[in-house]
Each structure stands twice: as structure tokens, then as C-alpha cells.
Amino acid sequence: MAVMPMMTRQHVLTYVYLLLYISLSSGVILYNKWLLSTLHFNFPFPITLTMIHMAFSGSVSFLLIRVLKVVSPVKMTFNIYATCVVPISAFFAASLWFGNTAYLYISVAFIQMLKALMPVATFLTAVGCGTEKLRCDVFTNMVLISFGVVISSYGEIHFNVLGTLYQVTGIIAEALRLVLTQVLLQKKGLTLNPITSLYYIAPCSFGFLFIPWYILEKPEMEDPHLQFDFWIFFTNALCALALNLSTFVVIGRTGAVTIRVAGVLKDWILISLSTVLFPESKITPLNIIGYAIALSGVVFYNYLKLNEVRISQPPPQSIQDDSAKEDLLLSEKKADDGLNSNDRTSWNDSVYDNDFDEEAPLMSSKRISHPHLGRKPA
């Protein structure tokens, strides 16, 4: 009887975390669109907005790590920084730059439809880098997603070639960042939490953005009629930082599969909200049909990834048996050597540390789909 309240409380917390993630993710995207759109706040400087986010995130992470010492920095060598952090930061800056620039030309709804190409770009990039094998079922699924996006694009009333190119380029840059993170950082055994990742990557990304900002946007920002409201940009940067942290919390509390499902729900919510908040956004039946086809491919892709995780994991009974055997061995070793029980290391604490999450590529997720996995044995 005592289990039911715990289960109910856990379910409530899970829904609260998911609601927080969906709200922040949708809010940041709509907030950015409102800021950048010439029909609304009229701040058409996507590089500047991205640099504000990087400066704010880097400053907060520096405060937490170096001043308040809430989070401990990782051991970062110059070689790791130069060969790993710098290229990852470059693609991170590019993905944010091009993605934010797309808001100037195309609607939020169409941007979300184009983002369905993310699994395609990530898979093809991973195959090119040798971290994935070209499988027939996955490749067929990628063709289905691409076909759906093409139909959705054909049905777009206000189709803009430049905006579409910006968004697709941002998707490619993000895919390169995800795969490079897996290849460069995680194979070196370096895992960063949201604060330490921002501490190292945000300043470097800011530096990469400075040159294009100086050439493309600085001359136009010298207009004396340019409006800049400190509190609007502060809350926007705060929401962007909160989204980064919430992603980590949700993955840690629920799992990578759950956040992928939540991402599908978030896309539909964003498409619906954008048509209400931005009347210039129009959705056609062909948009919906194409996106539904692409989304079915995304869902099937997530299903394939979930199956891969389940196949790679030993069955729960074998985990318990192995854990019991380890407890027995540790007890015998303790009896022989007089070890203290506090020195024991649980096998379950590290068995799933190497899982790769596309939603949070700088962090490993210990909770994937089984709530009983990853716990210390009683």
C-alpha cells in the first residue's frame, strides 16, 4: 500500500518536468520569433541575439563555477579544448546563427516542419563519420521523412528559398555538432553537465560569432532609432538558459526516450500556437499531410533507437543476478580483507553512463526507459 503514493508522486513529478520542458522550449522559440520579426518587436539581428544568449549563459556558468563554486570544473587540457571544444563550439554557433536567421524569412510552423529532417541529417552525418552503419530499415525511414518534408514544403504558401536554406544549413550544423560531440568528447571519456558545457562552449561560440556580427550586423545597429529594451533581452536570455537546464533535468528524471516523445508533442503545440500568435503564419492541408508523413517517420526512427537500446541492455533478471553475484564477491572480499562497506562501488551506477542522447549531446543519461535500472542495490 505504501508503494502507490510513491508511484503517484513520481508520475506527478514526471508530468511537471515534461510540462516545464515543453513550456520553456515552446516559449523560447516563440519569444525569439517575436523579437526578430520585422512585423512585431522588429529586432532583425539574429547574430546579436545569439551572442546575447552566449554572453549571458557564459557569465552565469562562470559565476556558478568560479565564484560561488556550486559546480566543479572538469579537467580540461589545452589539447582537448583545441581539438574538441573549439570545433563543437563552431558548429554550435553556426546552428544557432542560421536557425535564428530563418525566423526572419519563414514561419515558426514551417520551421518546425523542416526540423523533422534532423534525424536524417544526424544519421547521414553519423554514417559519414563511421559511428553508424547504413541500414536498410533506417535508410528507408529517412527517405519517408524527407518525402514528408518535401510535400510539406510544396504546400507552404509563403515558401522562401533563402529562409529554407538558412534552416536546413542550421540543421546540418547541429547534426555535425551532435556527431562530433559523440566522436570527440565522449570517446575521450569527458562528460559535461549543462553548466560546465556552457562554461567552456559559450565563450568560444561567442568568439566565432563576433566576426560575422562585426561585418554583417554592427553597421546596421548604429541606427539611432534602434530599440533595445534591457529587460526584454534579459528575460529572453534567462529563458534560453532555463531551457538548457530543464533539458538536462528532464533527461535525468525521465529518460531520453520520454523527452523525444515530448519533443513530438512540443512540435504540434508550437505549430498550433504560432498560427494563433502570428496571424501571418498560414497552414495548408498539404502542410499537415506532409508533416504527418514526416512525423510518422520520426516516431518510427525513435522506435528503432529504443529497440537498439533494449537489445544492447541485459534483461532485468540477469542484471539482478549479476548484482547479487557482485554483492556476494564484495562480501567475501570484505570478510577476507576487512574492507569498509562504504568503499563498495555499485556496478549498476555506471552500466548506462555511455548512452548517447541527441537532445543533450554533452551529457550522458543514466535513465533510459526502465525506472528500476541504475539504482544501487539495497
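In this predicted model, the loop that joins helix 2 to helix 3, the latter comprising residues 78-102, contains K69. The backbone of K69 adopts a positive phi of about 55°, although the residue is not a glycine, and this conformation occurs just after helix 2. Most residues other than glycine have a negative phi. With a relative accessibility of 61%, K69 is classed as exposed, because that value lies over the 50% cut-off.

Helix 2 itself, which covers residues 46-67, was examined for agreement between its length in residues and its extent in space. At a rise of 1.5 Å a residue, its 22 residues should span 32 Å, and the C-alpha atoms at its two ends are 31 Å apart, so the expected and computed values agree.

On the other side of helix 2 in sequence, the loop between helix 1 (3-36) and helix 2 holds N42. This residue, N42, likewise is not a glycine and has a positive phi, here of about 65°. The relative accessible area of N42 is 35%, and the residue is therefore partly exposed, since partly exposed residues are those that fall between the limits of 20% and 50%.

A further set of results concerns helix 8, which extends over residues 194-217 and includes S205. The relative accessible area of S205 is 0%, so the residue is buried, the limit for this class being under 20%. When neighbours within four places in sequence are left aside, the residues in contact with S205 are M54, S89, F92 and A93. For S89, the approach can be specified further, as the side chain of S205 reaches the backbone oxygen of S89 at 3.2 Å. A separation in sequence that is not matched by a corresponding distance in space is illustrated by S205 and A55, which are 150 residues apart along the chain, while their C-alpha atoms are 9.4 Å apart.

The residue that follows in number, F206, is also placed in helix 8, but its relative accessibility is 32%, and F206 therefore counts as partly exposed. F206 belongs to a nonpolar patch on the surface, in which it is joined by F210, I211, Y214, I215 and L216. Taken together, the residues of this patch have about 610 Å² of accessible area. Helix 8 thus holds both S205, at 0% relative accessible area and buried, and F206, at 32% and partly exposed.

Terms used
Residues are numbered from 1 along each chain as its sequence is written. This is a predicted model: local features need pLDDT of at least 70, side-chain atom pairs count only at pLDDT 80 or more; totals for chains, interfaces and linings use all residues. Side-chain values use heavy atoms; hydrogens and water are left out. Helices (H or I, at least four residues) and strands (E, at least two) are DSSP runs, numbered from the N terminus. Buried means under 20% relative accessible area, exposed over 50%, partly exposed in between (1.4 Å probe, protein chains only). Contact means heavy atoms within 4.5 Å. A polar contact is a pair of N or O atoms within 3.5 Å; within protein, one must be able to donate a hydrogen and the other to accept it, and residues adjacent in sequence count only if both atoms are side-chain atoms. Patches are made of residues with over 30% relative accessible area and no salt bridge: like charges are joined within 9 Å, nonpolar side chains (Val, Leu, Ile, Met, Phe, Trp, Tyr) within 5 Å. Accessible areas come from the Shrake-Rupley method with a 1.4 Å probe; for residues, only the protein chains shown count as cover. A salt bridge is a side-chain nitrogen of Lys or Arg within 4 Å of a carboxyl oxygen of Asp or Glu. The expected span of a helix is 1.5 Å times one less than its number of residues.
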